[in-house]
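Biologist: Good morning. I am new to this structure and should like to go through it with you. May I put some short questions as we look?

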Amino acid sequence: MKEHASRSFRKWARNFGVLDGNKLRMTLLNNWEATYLNFKEEKLYELLGAAKDLGVDLFLLDDGWFANKYPRNNATTGLGDWDVNKAKLPNGIAKLVKDANDKGVKFGIWVEPEMVSPKSELYEKHPDWIIKLPNRQEHYYRSQLVLDLTNPKVQDFAFSVVDNLMTQNPGIAYIKWDCNRMMTNTYAPYLKNRQSHVFIEYQRGLYKVLDRLRAKYPHLPIMLCSGGGGRVDYGALKYFTEFWPSDNTDGLERVYMQWGYSYFFPSVAMSAHVTSWGKQSIKFRTDVAMQGRLGYDIDLKDMSPQDLEFSKKAVETYKRISPVIWQGDLYRLISPYDEARSVMMYVSKDKNKAILFSCTTTPRYAPNFAPVKLEGLDANKKYDIQEINTYGNARAASFKGLDGERLMKEGINISSGSPITSRVYEISLAQ
C-alpha cells in the first residue's frame with residue numbers, strides 16, 4: 001500500500017508539485033570542486049571545453065564570480081555585491097555565455113540572493129536590511145547574515161539579482177539559487193513591533209520574489225539549493241525545477257539518502273552529482289547519481305583516462321535511459337536498511353522498458369543474495385535484460401526472452417556480492 005501511495009505521490013509531484021516536472025532536464029558540469037572560489041577566466045574556458053568533451057548539456061559557474069571592493073576570494077567577503085569581479089572575469093559573464101554556446105554547451109550560474117557578508121558594500125550601505133538583534137553581537141554562520149525579506153525593498157533587491165543577470169546575459173540557461181544558513185539572533189528591522197511574524201513574513205517575502213521571477217521567466221531551470229536539503233518542500237518546489245538533497249555527495253551515503261527522498265520526491269527533481277567525495281569507484285558513484293538528475297562536480301583532469309572514458313559513455317547512456325528514470329514508475333525492491341544492497345527499478349508507463357539499479361553497500365560477510373523479484377512488468381510479455389554502464393572491458397550480463405510473470409514471481413540474480421559495487425540493467429521487450 002505504501003509503495004502505491006508513494007508512486008501516486010511522485011506522479012502528483014511531477015504534474016503539480018515541481019515546476020515543469022514532466023519535461024526533460026539537463027546534465028551538467030559544475031566548477032566548484034575543480035576551482036572552489038579561486039579561478040580566472042582562462043580556467044573557466046578550459047572547463048567549458050571539458051564540459052563539451054564530457055558530453056553534458058550545461059556548464060554551471062558556482063560561487064566566486066562577483067564583488068570588486070571586497071572580492072569574493074574567500075567565504076568571508078562579497079555576498080550581496082552582485083557585480084562581476086573584473087580581476088577574475090575581465091570580459092564579463094557575456095563572454096562565458098558566448099564561449100559556451102560556441103562549444104554547444106549551455107551556461108548556468110550560482111547566486112545566493114538572500115544573504116550578505118559583513119564585509120561587503122551592501123552591508124555598508126544597508127545595515128537596516130539585515131536580520132540581527134539590535135542589542136546583541138552579530139552571529140555569523142558560514143561568515144554571513146540573512147537579508148530581511150520581510151522588507152519590500154529587500155525583495156526588490158533579491159529579484160534584481162537574477163533579473164539583472166538575465167537581462168544583461170539572456171543566454172543564461174540555468175540558475176542555482178543557494179541558501180546556506182539558518183536565521184539566528186532573529187530580528188527583522190522592517191517588522192518593528194511584529195517580531196512574532198518574522199518567519200511567516202520572511203517566507204511570504206521570498207515567495208513574492210519567486211512569483212515575480214516566474215512571471216518574467218516562467219520556464220528558466222532553477223535549482224533549489226540549501227545545505228542539508230533544508231529547503232526541500234513543496235511550498236518552494238513549485239517555483240523550482242529541481243533541488244539539492246545534501247552537500248554530502250559521498251556515493252555510499254547517497255544510496256541511503258536517495259532511498260529516503262524517493263518516497264516523496266520524483267527522480268526528475270533530485271540533483272545527484274558525481275564528485276570526489278568518498279572512496280568508491282567512479283562507476284559506483286556514477287550509478288548512484290544516475291538515479292536522479294545526473295551532474296558532475298569534479299575536476300576531470302584528476303580522472304584517469306579510463307575513468308574519463310567511462311564517464312563520457314555514462315553520460316551518453318544516461319541521456320538515452322533518463323526518460324524512464326525521470327518519468328517512469330519507481331519500484332523500491334530491496335531496501336539498503338534491510339540488506340547490504342539497494343535495488344530500485346524504474347518502469348515506463350507502457351511497461352515496455354525498465355531500468356534497474358543494484359548497489360551493494362558494505363556486507364559484513366560474503367553475501368549469498370537471494371534472487372530479486374521484479375515488479376511493474378507485464379506478466380504476459382517477455383523481456384530481454386541487458387547489463388549497461390559497465391566499466392572498461394567488464395563482461396556485461398545478458399538474459400533473453402524471460403517471462404514477465406516469472407521475473408516477478410521467482411526473480412532473477414542481479415546483485416554483485418562484492419562490497420561497494422553496482423550494476424545497472426536495461427529491461428526491454430524481447431526481440
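Biologist: To begin, is strand S3 buried or exposed?

Modeller: Please bear in mind that this is a predicted model. Five of the six residues of S3 are buried, so this strand is largely enclosed by the rest of the structure.

Biologist: Which strands does S3 pair with?

Modeller: S3, residues 106–111, pairs with strand S6, residues 172–177, in the parallel sense over five bridges. S2 and S3 also run parallel, joined by four bridges.

Biologist: Which residues stand opposite each other there?

Modeller: Between S2 and S3, Phe59 stands opposite Phe107. Towards S6, Trp110 stands opposite Lys176.

Biologist: And what is the order of the strands in the whole sheet?

Modeller: The sheet is open and has eight strands, in the order S8-S7-S6-S3-S2-S1-S10-S9, with parallel pairing. Its edge strands are S8 (242–243) and S9 (271–275), each of which pairs on one side only.

Biologist: Which strands does helix H3 lie across?

Modeller: Helix H3, residues 41–54, lies across S1 (28–30), S2 (58–61) and S10 (293–297). The helix runs at about 150° to S2.

Biologist: Let us return to Lys176. Is it buried or exposed?

Modeller: Lys176 is found in strand S6. Its relative accessibility is 9%, and Lys176 therefore counts as buried, the cut-off being under 20%.

Biologist: What is Lys176 in contact with?

Modeller: Leaving aside neighbours within four places in sequence, Lys176 is in contact with Asn30, Leu60, Asp62, Ile109, Trp110, Val111, Met223 and Cys225.

Biologist: Now to pockets. What is the volume of the largest pocket, and which residues lie nearest its centre?

Modeller: The largest pocket has a volume of about 460 Å³. Its lining has 23 residues, and those nearest the centre are Trp32, Arg142, Lys176, Asp178 and Asp247. Lys176 thus appears here as well as in the pairing of S3 with S6, where it stands opposite Trp110.

Biologist: Which elements supply the lining of that pocket?

Modeller: Helix H2 (32–35) and S9 are among them, each supplying at least two residues.

Biologist: How many cavities are there?

Modeller: There are two cavities of 30 Å³ or more. The largest cavity has a volume of about 60 Å³.

Biologist: Which elements line the largest cavity?

Modeller: Helix H9 (251–261), S9 and helix H10 (282–289) each supply at least two residues of the lining. The largest share, four residues, comes from S9. The lining residues include Arg254, Gln258, His273 and Arg285. S9, an edge strand of the sheet, also supplies at least two residues of the lining of the largest pocket.

Biologist: A change of topic: how many salt bridges does the model contain?

Modeller: The count comes to 25 salt bridges. Side chains of opposite charge can pair when their charged atoms come close.

Biologist: Which distant parts of the chain are linked by Glu3 and Arg332?

Modeller: The side chains of Glu3 and Arg332 meet in a salt bridge, at 3.1 Å from N to O. Glu3 lies in helix H1 (residues 2–17) and Arg332 in strand S11 (residues 329–334), and the two are 329 residues apart.

Biologist: Are Glu3 and Arg332 buried or exposed?

Modeller: Glu3 counts as buried, at 18% relative accessibility. Arg332 is buried too, at 6%.

Biologist: What about the salt bridge of Arg341: which residue is its partner?

Modeller: The partner of Arg341 is Glu339, with the closest N and O atoms 2.7 Å apart. Arg341 is buried, with a relative accessible area of 1%, whereas Glu339 is partly exposed, at 32%. Elsewhere, salt bridges that share partners join Arg320, Lys353 and Glu426 into one network.

Biologist: And Arg406, is it buried or exposed?

Modeller: Arg406 counts as exposed, at 52% relative accessibility. Its side chain meets that of Glu410 in a salt bridge, at 3.3 Å from N to O.

Biologist: Finally, where does Asn135 lie?

Modeller: Asn135 lies in the loop between helix H5 (121–125) and strand S5 (145–146). This residue counts as exposed, at 63% relative accessibility. The C-alpha atoms of Asn135 and Asn185 are separated by 9.7 Å, with the two residues 50 apart along the chain.

Note on methods
Residues are numbered from 1 along each chain as its sequence is written. This is a predicted model: local features need pLDDT of at least 70, side-chain atom pairs count only at pLDDT 80 or more; totals for chains, interfaces and linings use all residues. Side-chain values use heavy atoms; hydrogens and water are left out. Two strands pair if DSSP finds at least two bridges between them. Contact means heavy atoms within 4.5 Å. Axes are lines fitted to C-alpha atoms, for helices over the stretch in contact, and angles run from 0 to 180 degrees between N-to-C directions. A salt bridge is a side-chain nitrogen of Lys or Arg within 4 Å of a carboxyl oxygen of Asp or Glu. Buried means under 20% relative accessible area, exposed over 50%, partly exposed in between (1.4 Å probe, protein chains only). On a 1 Å grid over the protein atoms alone, a cavity is a set of points where a 1.4 Å probe fits but cannot get out, and a pocket is an open set with protein on both sides within 12 Å along at least five of seven lines; lining residues have an atom within 4 Å of a point. Grid points are joined across faces, edges and corners, and a volume is the space filled by probe spheres set on the points.
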